[in-house]
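Colleague: Could we go through this model together?

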Amino acid sequence: GAGTGKTRVLISRLSHILLEGKARPMEMLAVTFTNKAAREMKDRVAGLLGRPVEGWWIGTFHALSARILRSHAEAVGLRPNFTILDTDDQERLLKQLLEAEDIDLKKWPPRVVLGVIQRWKDRGLTPDKVTDAEGSEVADGKALVLYAQYQERLKTLNAVDFGDLLLLALELFQDNAEVLDRYQRQFRYILVDEYQDTNVAQYLWLRLLARSHSNLCCVGDDDQSIYSWRGAEVGNILRF
């Protein structure tokens, strides 16, 4: 329920593990959904422990994924100084691709096509994993071609969009066993707040990192799941 102390439970657990010497700060991964929630978590952990927590692995899925990717950018075809595009830049890029394919922008505005691509990314789907049937319904049947072109253009620009942060982190973990092993061994305890708002890509990200020890603690409330329009899968918490 709302206001019942879910985040307090998570923060108390994290602090207890540290105070008992069961793990060091850099061996804890605490993740949540929004920047606001991540800032609150950092502030509350710092307040409870009486010391700063800068540099600790406490943050949103996207921020923590970006941090991992900057350390291993070459493995996913990027350079460490890659740019994270905002929505306007993404739409401008997609507009160029739509125009090159002679697709009617009034019928298929870049914003709409981008929304479809982002939903695929939220499900952890790269262009080669989206079915032809799904792609045939969008942008005069050229959605998959556009998705692949969009991803190639991003890499040429040394850029990613928001959805790529999770998608490329998954690619990194799945294709590089030694990198995954490093983070599995580093993060001995994984704690997740607002678990009802996770999407498929975030679920897969967590499952890979926790696979070696299954030491995963999640809090959430299925009645507060409000981000289904952004790919959140309430089934993640119901099947936990």
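**Loops, helix α5 and the cores**

Modeller: D140 is partly exposed, with a relative accessible area of 43% (buried is under 20%, exposed over 50%, partly exposed in between; 1.4 Å probe, protein chains only). This is a predicted model, in which local features need pLDDT of at least 70 and side-chain atom pairs pLDDT 80 or more, while totals for chains, interfaces and linings use all residues. Residues are numbered from 1 along each chain as its sequence is written, and side-chain values use heavy atoms, without hydrogens or water.

Colleague: Where is D140 found?

Modeller: D140 lies in the loop between α6 and α7 (helices are DSSP H or I runs of at least four residues, strands E runs of at least two, numbered from the N terminus). It has a positive phi of about 55 degrees, although it is not a glycine.

Colleague: And D102, buried or exposed?

Modeller: D102 counts as exposed, because its relative accessibility is 70%. It sits in the loop between α4 and α5, and its phi is also positive, about 55 degrees.

Colleague: What covers the buried residues of α5?

Modeller: The cover includes α4, α6, α7, α8 and α10. Among the buried residues of α5 are V113, L114, I117 and W120.

Colleague: Switching to the largest nonpolar core, which residues touch the most other members?

Modeller: F173, W205 and L209 do, out of 35 residues (a core joins buried Ala, Val, Leu, Ile, Met, Phe, Trp, Tyr and Cys through side-chain atoms within 4.5 Å). The most residues in this core, seven, come from α8.

Colleague: Which residues are in the second core?

Modeller: That separate core of 24 residues includes L94, L98, L114 and Y147.

Terms used. Contact means heavy atoms within 4.5 Å.
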